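I opened the model to look at its aromatic pairs, its strands and its cores. My entries follow in the order I looked things up.

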Amino acid sequence: MAFPVDMLENCSHEELENSAEDYMSDLRCGDPENPECFSLLNITIPISLSNVGFVPLYGGDQTQKILALFAPEDSLTAVALYLADQWWAIDDIVKTSAPSREGLKQVSTLGERVVLYVLNRIIYRKQEMERNEIPFLCHSSTDYAKILWKKGEAIGFYSVKPTGSICASFLTQSYQLPVLDTMFLRKKYRGKDFGLHMLEDFVDSFTEEALGLRYPLSSLMYTACKQYFDKYPGDHELLWEVEGVGHWYQRIPVTRALQRETLKIPGRSKICNHF
């Protein structure tokens, strides 16, 4: 069975949006007494103009949109997206039938951008974000990102702001070093060194002598760094915790950041071992 990420391999944003517009035209002309329905687990959701709408694929960029279906009781959480001329449940959007998608793969196609959106905006933000965490911003259409695939399913991602890219918060400034901006791993896959694997891949993908990690370190990043330094003790001067664009006065060694967090929350190293 093919999934959206496989079917949208060569699809453009324009084609995807035109397909959704055609669907909306048919919906406006449909019989409201006999609506089309979407089945999700044990729930059947009637599809109407009141629970369908376009959402931006890239956050603040309103030029590229996808069509979403919302649950009647929650108008803010999409339960399905209209892709490749049909509705797809969120859990199916993060699946693939391509054996070549295994391990970390750089995001390049529209289908992969949609998977990244679903992992970030729906699965992470709506289902798995911790109460005290700061949510990730939406990824742009050009962000450097890699999705972690495992046995036909997207289970996590990380994204990077490369050296020289413009900082969204300081539009006149660019990043002084590569900064690992976001890292997410689905809860059911934590505790299996996947966070360490993503951090290792980030280090191997960039050749600069200093690499940044976004401040403040998340629990996942904190644990991955501890594992990384245990495995590579000679890399203590390679990784820096970075604020802003990473000028020399906006960074501290990650080793010092780890010490700070350990002192701040006694026993944190034990608490975070499940990540």
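**Aromatic pairs**

I began with two tyrosines: tyrosine 23 is buried, and tyrosine 82 is buried as well. The model is a predicted one, and I kept that in mind for every entry.

I then turned to a second pair, phenylalanine 202 and phenylalanine 206, whose ring centres are 5.6 Å apart with planes at 55°, so I logged the pair as tilted. I checked burial for each ring. Phenylalanine 202 has a relative accessible area of 0% and is buried. Phenylalanine 206 comes out at 14% relative accessibility; the cut-off for buried is under 20%, so phenylalanine 206 also counts as buried.

I ran the search over the whole structure and got 15 aromatic pairs. Tyrosine 23 and tyrosine 82 have ring centres 4.5 Å apart and planes at 35°, so this pair is tilted. I looked up where the two tyrosines sit: tyrosine 23 is in helix H2 (residues 13-29) and tyrosine 82 in strand E5 (residues 74-83), so the pair links distant parts of the chain, 59 residues apart.

I also noted a cluster in which ring pairs link Tyr124, Phe136, Phe157 and Phe184.

**Strands E7, E8 and E9**

Next I asked how many residues of strand E8 (residues 144-150) are buried. I found six of the seven, so strand E8 is largely enclosed by the rest of the structure.

I looked at the partners of E8. Strand E7 (residues 103-106) pairs with E8 in the antiparallel sense, over four bridges. Glycine 103 is the residue standing opposite tryptophan 149 of E8. I checked tryptophan 149 further and found arginine 101 over the face of its ring, at 5.9 Å from the ring centre.

E8 and E9 also run antiparallel, joined by seven bridges. Isoleucine 147 has phenylalanine 157 in E9 as its bridge partner, and I had already listed Phe157 in the ring cluster. The two strands E8 and E9 form a hairpin with two residues between them. In that turn, lysine 151 has a positive phi of about 50°.

**Lysine 161**

I located lysine 161 in strand E9 (residues 153-161). Is lysine 161 buried or exposed? Its relative accessibility is 19%, so I entered lysine 161 as buried.

I then looked for a side-chain partner and found aspartate 143, joined to lysine 161 by a polar contact of 3.4 Å. Setting aside residues up to four places away in sequence, I listed what lysine 161 touches: Asp143, Tyr175, Leu177, Pro178, Val179, Asp181 and Arg214.

**Nonpolar cores**

Last, I looked up the cores. The largest nonpolar core has 35 residues, and Leu81 and Val118 have the most contacts inside it. At least two residues of this core come from each of strand E3 (52-58), strand E4 (61-71), E5, helix H3 (90-93), helix H4 (110-128), E8 and E9. Which element gives the largest share of this core? I found that H4 does, with ten residues.

I followed valine 118 and left aside its neighbours within four places in sequence. Valine 118 is in contact with Leu81, Ile90, Ile93, Val94 and Ile123.

I also recorded a second, separate core of 32 residues, which includes Leu104, Phe194, Phe206 and Tyr228. Phe206 is one of the two rings in the tilted pair with phenylalanine 202 that I entered above.

Definitions and conventions
Residues are numbered from 1 along each chain as its sequence is written. This is a predicted model: local features need pLDDT of at least 70, side-chain atom pairs count only at pLDDT 80 or more; totals for chains, interfaces and linings use all residues. Side-chain values use heavy atoms; hydrogens and water are left out. Buried means under 20% relative accessible area, exposed over 50%, partly exposed in between (1.4 Å probe, protein chains only). A polar contact is a pair of N or O atoms within 3.5 Å; within protein, one must be able to donate a hydrogen and the other to accept it, and residues adjacent in sequence count only if both atoms are side-chain atoms. Contact means heavy atoms within 4.5 Å. Two strands pair if DSSP finds at least two bridges between them. Rings of Phe, Tyr and Trp (its six-membered ring) pair if their centres lie within 6.5 Å; planes under 30 degrees apart count as stacked, over 60 as edge-to-face and the rest as tilted. A charge sits over a ring if NZ of Lys or CZ of Arg is within 6 Å of the ring centre and within 35 degrees of the ring normal. A nonpolar core is a set of buried Ala, Val, Leu, Ile, Met, Phe, Trp, Tyr and Cys residues joined through side-chain atoms within 4.5 Å.
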